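Good morning. Please look at the sequence and the structure on the screen while I go through a few helices and a few residues.

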Amino acid sequence: MTTTTATPTAIATTATTATTTARATSRPRLGPVPVLWLALLATPLAAGANAPVLILPDMARALGVSGSTATWLVASYAWAMAVGTPLLAGLLRRRGLRAVLRVASALLVGGTLLVAASPWLPLTLTGRAAQAAGGAGLTAVAMSLAGSARRMGVISAGFGILGASGPLLGAQLAHAVSWRLSLCVSVIAVLAVPMVSRYATTPAAPTAPAAPAAPETPETTHQGRFDVRGAALLTAFVTTLVLLPHTPAAALGSSAVAATLLALHIRRQPDGFVPAALIRKPLFLGSALLALALSGSYFTLLFSVPRLLADRAGWDAGTAGTGQLVALLTGSALSWLLAAASARMSRVAVRSVLVGVGAAAAAIAVFASWGPLLLVATVGGTFAATGANAVLSMHAVSSAPDPQRPTAIGLFALCYQLGGAFGPAIATALVLAA
């Protein structure tokens, strides 16, 4: 996700070829869910996340707030994606596919109605958060049903493409109708819900390439007492992290307290909402943290480059938006090639490519003043973040035992989506507020 987000954020994977059962006809439907339906289920989240990129000033004027205050419409979306992903992944593990589809669809549709009708910023923020949480749940389902790096690459590339289209699509809808319509595009994901719900594919067991896990049915649930305290502490910790770029002094102390309380809880309840064995795995932790760094860099570039193109190269908004769209589409397409080739590459090689390209993109953006070179930085940032979402998610989830793989999906995606929360704030502090 590019918003991705999206990255977006925000943005994992499951099982080998999962067997499915459909209720649409009287006969069961076998085979994995077609990947294009999974892409439709997941990727509108990225368009919704990136739609405000070029219309933040318009939204600020309409709501009667400053530009920096208007960025909360982006931050709230990223926060809800980051928090909603592990929470709804936990619901996926405990209650199955259809329960998550129902809850996520209700959140997405309800949030969209609020955004479309609310005249007040606080209520609009609530709607954006509900939209993002619902979209995160649908994305968790899609990623859980992907089953391979190649299919995951299709979903991640779709994130990149929809995320790439988001800024220009948002600007066009705002110009033709209203900026509120621009913030409602993620609702089209519900079109895929009836088709996906017909499949009884298991969302469990994302597999390491060398060690496939047995599939489950989507209605397979893992009962047991829900770790309410662990979920609440994780939510509090993520919230303080999202606030860190906006109110550093207060958020720094709060995040330290929340992190300490969460760590103590994990020690007391190692098999709770945040499994101790999972976060101690170097493969999982390294993959998740690298995805966070690359996602944060990407979202910073996404919001900064249009302004840099205007200030350094003299491009107008239309030219900058079109150039950024082409760059984002190119980076997304190249990331799919990496995902397809990753099965033949070592983990070290994949990470070297991602880190090298991501670092080069950030360096170019800092020093370049020529417009096409700034677009090259956008290509590199998109490639690194989208490729990380597709490939590192497979690495991260492969380190988890079968029952914990939905949880691993949620926690990896949380880290990726945090980049979507940090990026706009960093861009505002370094570029947009200048």
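Leu285 sits in helix H14, which covers residues 282–313. This is a predicted model, so please hear every value as computed. Is Leu285 buried, partly exposed or exposed? Its relative accessible area is 38%, and partly exposed means between 20% and 50%, so Leu285 is partly exposed. Now look along the chain to Cys415, which is 130 residues away from Leu285 in sequence. In space, the C-alpha atoms of Leu285 and Cys415 are 9.8 Å apart.

Leu290 is found in H14 too. Here the relative accessibility is 17%. The cut-off for buried is under 20%, so Leu290 counts as buried. What does Leu290 touch, if we do not count residues up to four places away in sequence? The answer is Arg351, Val355 and Leu392. Leu290 can also be paired with Ala388: the two are 98 residues apart in sequence, and 7.9 Å apart from C-alpha to C-alpha.

Next, helix H6 and helix H7. H6 runs over residues 97–117 and H7 over residues 121–144. Their axes come within 7 Å and cross at roughly 155°. An angle over 145 degrees counts as roughly antiparallel, and H6 and H7 are therefore roughly antiparallel to each other. The crossing of H6 past H7 is left-handed. On the H6 side, the residues that meet H7 include Leu97, Val100, Leu101, Ala104, Leu108 and Gly111. On the H7 side, among those that meet H6 are Leu123, Thr124, Arg128, Ala130, Gly134 and Val141. How do the residues of this contact between H6 and H7 divide by class? There are 13 nonpolar, nine polar and one charged.

Two residues of H6 deserve a separate mention. Leu114 is found in H6, and with a relative accessible area of 29% Leu114 is partly exposed. Leaving aside neighbours within four places in sequence, Leu114 is in contact with Leu123, Thr126 and Gly127. Leu114 and Arg128 are 14 residues apart along the chain, and their C-alpha atoms are separated by 8.1 Å. Ala117 also has its place in H6. Its relative accessibility is 61%; the cut-off for exposed is over 50%, so Ala117 counts as exposed. Ala117 and Gly127 are 10 residues apart in sequence, and their C-alpha atoms are 9.6 Å apart.

Now helix H15, residues 317–341. I will take it with two partners. The first partner is helix H17, residues 371–398. H15 and H17 pack at an angle of about 35°, with 7 Å between their axes. Is the crossing of H15 and H17 left-handed or right-handed? It is right-handed. From H15, the contact includes Gly323, Ala327, Thr330, Gly331 and Leu338. From H17, it includes Leu375, Val379, Phe383, Thr386 and Ala390. By class, the contact of H15 with H17 has 10 nonpolar residues, 10 polar residues and no charged ones.

The other partner is helix H8, residues 149–176. The axes of H8 and H15 come within 8 Å and cross at roughly 175°. H8 and H15 are therefore roughly antiparallel to each other. Among the H8 residues that meet H15 are Ala149, Arg150, Gly153, Ile161 and Pro167. Among the H15 residues that meet H8 are Gln324, Leu325, Leu329, Trp336 and Ala340. The residues of the contact of H8 with H15 divide into 13 nonpolar, eight polar and one charged.

Last, a check on helix H11, residues 228–243. How far apart should the ends of its 16 residues be, at 1.5 Å a residue? The expected span is 22 Å, because the rule multiplies 1.5 Å by one less than the number of residues. The end C-alpha atoms of H11 are 23 Å apart, which agrees. Several residues of H11 are buried, including Gly230, Ala231, Leu233, Leu234 and Val238. Thr240, Leu241 and Val242 in H11 are buried too.

That is the end of my part.

Technical notes: Residues are numbered from 1 along each chain as its sequence is written. This is a predicted model: local features need pLDDT of at least 70, side-chain atom pairs count only at pLDDT 80 or more; totals for chains, interfaces and linings use all residues. Side-chain values use heavy atoms; hydrogens and water are left out. Axes are lines fitted to C-alpha atoms, for helices over the stretch in contact, and angles run from 0 to 180 degrees between N-to-C directions. Helices (H or I, at least four residues) and strands (E, at least two) are DSSP runs, numbered from the N terminus. Angles under 35 degrees count as roughly parallel, over 145 as roughly antiparallel, 65 to 115 as roughly perpendicular and the rest as oblique. A crossing is left-handed if the near helix is turned anticlockwise from the far one by less than a right angle, and right-handed if clockwise. Contact means heavy atoms within 4.5 Å. Ala, Val, Leu, Ile, Met, Phe, Trp, Tyr, Cys and Pro count as nonpolar, Asp, Glu, Lys and Arg as charged, and the others, Gly among them, as polar. Buried means under 20% relative accessible area, exposed over 50%, partly exposed in between (1.4 Å probe, protein chains only).
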